[in-house]
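User: I'd like to learn how to read the contacts in a model like this one. Could you walk me through it, starting with charged side chains?

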Amino acid sequence: MDDLLAGHQAEQPAAHIAWYRQQMVLFVAGSIAIALFLVFVSMALYVSSGAAQLDLSRPGYKNVQNKVDQSDTFESFSASGTVDKNVLDQFQKLYDKQTKQVDNSDAFSSSALDDQALGIDAPAASE
Amino acid sequence: MIITAVVGSAPAFAQDAAAPMTDEHIDRIKSSCQSALATLGQIHANDAPTYINRNQTYFSVSDKLMAHLNSRLTLNRFDATQLVKTASDYNTALLRFRTAYKQYDDTMAALIRTDCKKQPVGFYDAVADARDQRQKVHDAVIKLQTLIAQYRKDIQEFQIKHVAQLSGGSNG
């Protein structure tokens with residue numbers, strides 16, 4: 001009887017250990033699965049939101065990082081206050097000054113990707 | 001039959017089925033492959049800071065200038081309907097610019113990864129796609145410029161329309 005009881009008591013810690021081990025494996029596997037899912041979600045948001053286009057830390061963009069205007073020098077116009085001719089004249093001057101930076105219309109011209117520019121145009125037919 | 005076999009055997013078709021790509025054209029694409037990819041990579045890399053700077057300026061014009069002026073005019077009980085409308089159109093155009101650039105950027109990224117020696121026809125078609133999408137970005141830039149000019153004109157018309165109130169200070 002005592003042997004039976006001792007045997008039963010010896011099995012209980014072993015069963016607990018096995019149970020805890022199983023729980024630990026499930027916990028680690030579940031954590032990894034949740035982490036992978038969240039990484040997938042964040043990457044999807046990174047691509048779909050357009051943030052990727054603003055990220056110059058991507059491979060291949062190191063040489064052009066210094067071309068980005070990082071200073072916050074855009075002069076704002078106050079949203080409160082009186083309105084008279086002088087105020088509107090001031091706004092016009094500020095507006096003209098700030099929009100001068102984007103005044104040129106040759107940005108993203110498709111001619112940069114012309115076949116001739118890339119050297120992939122059809123060769124001239126020989127006579 | 002002999003002439004056909006000598007001159008052109010099984011020409012590949014590019015996007016336009018009416019203009020089949022000749023073997024000479026394919027060979028030219030293959031020979032220009034590396035330089036074309038280098039040029040495309042350069043264009044793609046230089047486009048990024050241009051887009052970032054422009055996007056930032058366009059957004060600031062909307063957020064820090066147009067919105068603030070419209071708000072100030074409304075607080076002073078002026079009728080700024082036309083200015084608000086133009087600002088709204090401007091914001092719509094800005095969204096289109098961002099969307100167009102994203103599509104163009106994705107296309108260019110895929111194009112640069114294309115093996116133009118193994119897939120010269122596919123590469124040529126992909127370049128044509130990228131060119132069309134770049135044109136859409138350019139069109140969006142032109143639209144934004146037009147709206148910037150329109151807003152400037154709206155302010156001038158507003159000043160003419162409310163010359164009496166503006167001379168006397170705020171309305172009401």
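Analyst: Sure. A salt bridge here is a side-chain nitrogen of Lys or Arg within 4 Å of a carboxyl oxygen of Asp or Glu. The general idea is that side chains of opposite charge can pair when their charged atoms come close. Keep in mind that this is a predicted model. Take Asp89(A) and Lys85(A): their side chains form a salt bridge, with N and O 3.0 Å apart.

User: Where do Asp89(A) and Lys85(A) lie?

Analyst: Both are in helix H2 of chain A, four residues apart, which is about one turn of the helix. For burial, under 20% relative accessible area counts as buried and over 50% as exposed, with partly exposed in between. Asp89(A) has 26%, so that residue is partly exposed. Lys85(A) has 46%, so the label is again partly exposed.

User: How many salt bridges are there over all chains, and how many cross the interface of chain A and chain B?

Analyst: The rule gives nine over all chains, and four across the interface of chain A and chain B. One pairs Asp96(A) with Arg152(B), whose closest N and O atoms are 2.7 Å apart. Asp96(A) sits in helix H2 of chain A and Arg152(B) in helix H5 of chain B, so this pair joins two chains. Asp96(A) is partly exposed at 35% relative accessibility, and Arg152(B) is partly exposed at 23%.

User: And what about Asp105(B) and Arg58(A): buried or exposed?

Analyst: Asp105(B) and Arg58(A) are both buried. They form a salt bridge with the closest N and O atoms 3.6 Å apart. Polar contacts are a separate tally: between chain A and chain B there are 29 residue pairs in polar contact, both at pLDDT 80 or more.

User: How many residues of each chain take part in the contact?

Analyst: Chain A brings 56 residues and chain B brings 66. To see how much surface that covers, look at the buried area: the two chains bury about 5400 Å² between them, with 63% of it on carbon and sulfur atoms. Tyr95(A), Phe108(A) and Leu113(A) supply 16% of the area that chain A buries against chain B, more than any other three residues.

User: Phe108(A) has a ring. What cluster do ring pairs link Phe108(A) into?

Analyst: Ring pairs link Phe108(A) with Tyr51(B), Tyr58(B), Phe97(B), Tyr101(B) and Tyr104(B) in one cluster. Over all chains, the search finds 12 aromatic pairs. For a single pair, check the distance between centres and the angle between planes. Trp19(A) and Tyr20(A) come out edge-to-face, at 5.1 Å centre to centre and 70 degrees between the planes. Trp19(A) is partly exposed, with 45% relative accessibility, while Tyr20(A) is exposed at 53%.

User: What sort of pair do Phe78(B) and Phe158(B) make?

Analyst: Their ring centres are 5.4 Å apart and their planes meet at 65 degrees; planes over 60 degrees apart count as edge-to-face, so that is what this pair is. The pair also links distant parts of the chain, with the two positions 80 residues apart: Phe78(B) is in the loop between helix H3 (33-75) and helix H4 (81-112) of chain B, and Phe158(B) is in helix H5 (residues 120-161) of chain B. Phe78(B) and Phe158(B) are both buried.

How values were computed
Residues numbered from 1 in each chain as written. Chains lettered and ligands numbered in written order. Heavy atoms only, no water. Contact = heavy atoms within 4.5 Å. Buried area = accessible area lost by both parts, 1.4 Å probe. Polar contact = N/O pair within 3.5 Å; in protein donor to acceptor, adjacent residues only side chain to side chain. Phe/Tyr/Trp six-rings, centres within 6.5 Å; stacked < 30°, edge-to-face > 60°. Buried < 20%, exposed > 50% of the residue type's maximum accessible area, 1.4 Å probe, protein only.
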